[in-house]
Amino acid sequence: MNLFQRAIRSCLRKPVKSILLLLVIGTISLLFLSGMASRSANIAAKDSTRQAIGAGFLLEGNPENRNKRLQEAFEAIEETFGVGQSGSYQGVHAETIISNGQPSGYVWTDHSFESLVREDIEKIAAASGISDYNITTVPTPVKPEGFSRIEDPDKDQTYDSKGVSLVGNRTMNLDSNVLNGVVTIKDGRMTVPQDQDVCVISEELALLNNLTVGDRIGFSPVKQEGPIQYAEIVGIYQVREPMTPYMSGDTYRSENIIFTNLDFPAKAEQDSPLFEKAYFKVEQVDEYEAVKERIQQTDINWERYDLIDNNGNLDTMASNFNDLEHISQMLLLIIAGASFIILSLIFVFWMKSRTHEIGILMSLGISKLEILFQMILEAFFIGIIAVSLSFLAAPMVSKTAAEYLVVQQEQQAQLQEDQTEYVAPELTVTDVQISLSSSMFCADGISITLLTLLSVSLAGITMFRKKPREILSEMS
């Protein structure tokens, strides 16, 4: 009887031990495949999340360029009107006043100087790959007319303008507070580009004044007497957490922020518009870098602006899954280590239980090395069946494992969020895709082969380092 025949007969002669080994190796193979599949699921989860939350660019004013323009305008005023004289130049105003008989000067700017240029924003929005864009005004203080604002009774209101804040948007669903998941609509709708003289108020403000969608409320300037401008309430919003105040005072508190159409704050304030930032939504996230290059080729004065790459923010918003690849890698290492220990213990027990058989084979003149090869062949025969069965079950088991890891990551992210003041965007995983490639099956087969070979060899060393006389004496 040759080596292969003895190995096959040994497997069939002891079915319980063979089935036990088959189940162990099959489980190890499935765990390996699940770990490798989870690494591919990590990328799919990121990409699907990016597609869900969108991608975009934020345009803001450049502080260094502002200082440069301010200095140039001040020098132009001195050159035109004389040093120490009052004058204006491109939205910068210098005034000299007499205080206690002594002249003193100060410089101030108006909205035309501070505002982003709308024409520049529209040029960028026309770039290929931009599906939509938003312009947001600076929070504008105005007096409420015909309704009351939210106030803290314990706060000193002496230096507060006793107003509310208007925030104008071209399209409210692209406002940063909406994109970040802080603001959601409770009743009605958000403002859209076609709107005129409309607003969206907080649910606290609505409850305090018994206001509902369709009511009209009025506003007037805080710095001067002016006509009352009325806006129709088209929506009532609620927040996950209070919005960060633009400045101190109840005028800028979260509940007193009122979102309006883009042009209404300037109309209510009786001043020119003051656009603080613009957001450009990318149609296809896969073309993100190409769209960025096209935007940067737009013919505008780029020194005046900062174009903030929102790609990093997207990675942060998808941070629920950022560690999944590392977890999968660690899982594979743990599986490999634990599998080696388990298989080694199984084969050590297997060797000890076959002392009588090994002694008989040795007494027949069969060498230790040939007996070890027989043990390896037995393990390989069982392993081939186990791995083949694991390949059939791998797609379902791997998908379940990947979904479990993603859920654990979401729960961990939620726990971290609950422990901090930061409120991340609410991301929902609708599906987790896994991909089992031929390279993964090959890697799994090679891993199982190496583990089996090492485990049997280690177990064999513990047995075959004994002298034949010791082995034969144990038989008795």
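Colleague: Hi! What should helix H3 span, and what are its end C-alpha atoms apart?
Modeller: Helix H3 (residues 63-81; helices are DSSP runs of H or I, at least four residues, numbered from the N terminus) has 19 residues and should span 27 Å at 1.5 Å a residue, and its end C-alpha atoms are 27 Å apart, which agrees. The expected span is 1.5 Å times one less than the number of residues. This is a predicted model, where local features need pLDDT of at least 70, side-chain atom pairs count only at pLDDT 80 or more, and totals for chains, interfaces and linings use all residues. Residues are numbered from 1 along each chain as its sequence is written, and side-chain values use heavy atoms, with hydrogens and water left out.

Colleague: Nice. Which residues of H3 are buried?
Modeller: Asn65, Arg69, Ala73, Ala76 and Ile77. Buried means under 20% relative accessible area, exposed over 50%, and partly exposed in between (1.4 Å probe, protein chains only). Seen down the axis of H3, the buried residues fall within an arc of 110°, so they line one face of the helix. That arc is taken from the directions from the helix axis to the C-beta atoms.

Colleague: And which are exposed on the other side of H3?
Modeller: There you find Pro63, Glu64 and Glu79.

Colleague: What follows H3?
Modeller: Glycine 82, with a positive phi near 100°.

Colleague: Switching to H9: which residues are buried there?
Modeller: In H9 (residues 288-296), Tyr288, Val291 and Ile295 are buried. Viewed down the axis of H9, they fall within an arc of 65°, so they line one face of the helix.

Colleague: Last one: is tryptophan 108 buried or partly exposed?
Modeller: Tryptophan 108 counts as partly exposed, because its relative accessibility is 34%.

Definitions and conventions: Helices (H or I, at least four residues) and strands (E, at least two) are DSSP runs, numbered from the N terminus.
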